[in-house]
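Welcome to this guided tour. Please open your viewer and keep the selection tool at hand, and we will go from stop to stop together.

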Amino acid sequence: MDEVLRFANSTPVWIFASIVVAIVIFQALIFIRIASQTAPNIGMTKDETKRALRTGFISSLGPSFGIAVVIISLIAVLGGPFTLMRIGIIGSAATELTAAGIGANAYGVELNSPDFGLKAFTTVVWTMCLGGTGWLIFTALATKSLGKVEKKIVSKNAKMMTIVSTAAMLGAFAYLASQQMVKGYSETVAAIAAGVSMMVILTFAKKREIRWLQEWALGISLVIALTISYLTTLI
Amino acid sequence: MSVPTKAGVTEAKIEVRQTTMSMQGFHGKSDFWGQTTLWMLIVMSFVPPIYFSFILGYHPGWGAIAGGLIGYAAFIGIMWFLEPITYYPVLGKSGTYIAFLTGNIANMCLPCSAAAQESIGAEPGTKKAEVAGTLGIAVASLTNIVIIIAVVLSGSFILTIIPQSVQNALQFILPAIYGGVLGQFALKKPLYGLVAFVIGMAVLFAPIFSLIKIVLCVAITIAVVLFIEKSKSGAPE
């Protein structure tokens, strides 16, 4: 196991991880650039562009720290650079841990067992790295065509896209929230507290026209929900 | 809110060289850069396994590798196709490229996209929503990678300076995120929010293959909402 981690944390692997990270950062920057250039043409003011960017930043802090906490379990198994590589791109901690387990089993050992050697680790690397490309390949190939389908729907009925988008969002998050809520009392409290505070904050912000509050809405709701649900665990 | 009209067609003919870009140009550039970055990452995904197998010489045999990949595909392979299709109507083209490269779609990309749209009052599915959502997701992707780098490089030191109670509270981040986004949309369409939630619970407890449940829930919600809209016909809101 020590030998595995020595190789997993070696310089070449750090270099691979840096390239992956560089691609992620490069992509984010280029999309910020082209979206900002498009904004004025579709009637978005400079102020609105800045507000969208700021809201994205504020809203991502909670989720990012949530992701960071789960990372620790992966570093112990995969070492630093692979964790960086796998979590930095498509793949959640849960998916990657399961993938690691599947890879190890395919070689005939358990993760973290004394028999988990470099060949087993190599199997895990193949499984994680190539398994994750499934989404990447499909997205790279199909997104353009999905756009054409969307365009057809829009050209038929412009209002329809708004309805479909909203319904899709509601459907996805209703399912995800339900799935979390049945996990336990505190989870239910967290979901309801966040939902209610979001509605209260947004209503208040719109009535009084407080723009910064709209930007902070998700962030504040998360803090309120986390606080309340944490308190329920202390009772 | 910008209403898509016939003007969109003429926009296509405008040359894009200046500092501004038409929506058509935006989609073209999104396809180009989205595909380029994705293929770069796909190629990069082959490097570590090949390095371990053939440069370091720890090749475990193709049998084991195939076993691992088949196991992976059996476990979650269907999501390779279903997730991009399911989330496309919400993420839009550019959002899809970013979200599927950076990951953490439901717990980060979608909420940040929705929050960015809300902050400037853009209706989902409009051009403005797509651009605002792209900005939101791209910044989220950037923030996320910076925080992950900081945690990995500091050997989790950053997490040790966050009080234990805060870390304990963070275990409830997922229900909080999902509940918050649901609240945001339910505020706009309370009826649909309720409909979606009932469908969500019903699908959750239905005896169906669990991986396709979310897809099913999205599809049913879209169908029911469209049906309600149609029966209301004349006054769609």
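Where in chain A is confidence lowest, and where is it highest? This is a predicted model, so colouring by pLDDT is a good way to begin. Select helix α1 (residues 2-8) of chain A for the lowest confidence, at a mean of 83. Then select helix α2 (residues 11-38) of chain A, where confidence is highest, at 94. Over chain A as a whole, the mean pLDDT is 88, and 97% of the residues reach 70 or more.

**Stop 1: the two chains**

Show chain A alone as a cartoon. You will find nine helices and zero strands. The C-alpha atoms of chain A fill a box of roughly 65 × 50 × 30 Å along the principal axes. Chain A has 235 residues, and 60% of them count as buried. Look also at contacts in chain A with a separation of 6 or more: 58% of them come from residues 24 or more positions apart.

Now switch to chain B. Here there are 11 helices and zero strands. Of its 237 residues, 56% count as buried. Among contacts in chain B between residues at least 6 apart in sequence, 57% join residues at least 24 apart.

**Stop 2: where the chains meet**

Show both chains together and select the residues in contact. The selection should hold 140 residues from chain A and 148 residues from chain B. Between the two chains, about 13,400 Å² of area is buried, and carbon and sulfur atoms give 81% of it. On the chain A side, pick out W126(A), W135(A) and Y175(A), which lose the most area to chain B. Together they make up 6% of what that side buries.

Next, look for charged partners. Two salt bridges are found across the interface. To see a salt bridge, show the side chains of E48(A) and K128(B), with 3.2 Å from N to O. The interface also has 20 residue pairs in polar contact, both residues at pLDDT 80 or more.

Which helix gives the largest share of the side of chain A that touches chain B? Select helix α6 (residues 118-156) of chain A, which supplies 27 residues. If you colour that side of chain A by residue type, expect 87 nonpolar, 42 polar and 11 charged residues.

**Stop 3: a serine in a helix**

Zoom in on S229(A), in helix α9 (residues 211-234) of chain A. Is S229(A) buried or exposed? S229(A) counts as buried because its relative accessibility is 0%, and the cut-off for buried is under 20%. A polar atom of the S229(A) side chain lies 3.2 Å from the backbone oxygen of L226(A). Leaving out residues up to four places away in sequence, S229(A) touches S186(A), V189(A), A190(A) and, from the other chain, F172(B).

**Stop 4: two loops with a positive phi**

Most residues other than glycine have a negative phi. Select E209(A) for a positive phi of about 55°, although this residue is not a glycine. E209(A) sits in the loop between α8 (185-208) and α9 of chain A. With a relative accessible area of 69%, E209(A) is exposed.

For the last selection, go to N104(B), which is not a glycine either and has a positive phi of about 50°. N104(B) lies in the loop between α4 (79-102) and α5 (105-119) of chain B. Is N104(B) buried or exposed? N104(B) counts as buried, at 8% relative accessibility.

Terms used
Residues numbered from 1 in each chain as written. Chains lettered and ligands numbered in written order. Heavy atoms only, no water. Helix = DSSP H or I, 4+ residues; strand = E, 2+ residues; numbered from the N terminus. Buried < 20%, exposed > 50% of the residue type's maximum accessible area, 1.4 Å probe, protein only. Polar contact = N/O pair within 3.5 Å; in protein donor to acceptor, adjacent residues only side chain to side chain. Contact = heavy atoms within 4.5 Å. pLDDT = per-residue confidence, 0-100. Buried area = accessible area lost by both parts, 1.4 Å probe. Salt bridge = Lys/Arg side-chain N within 4 Å of Asp/Glu carboxyl O. Nonpolar A, V, L, I, M, F, W, Y, C, P; charged D, E, K, R; others polar.
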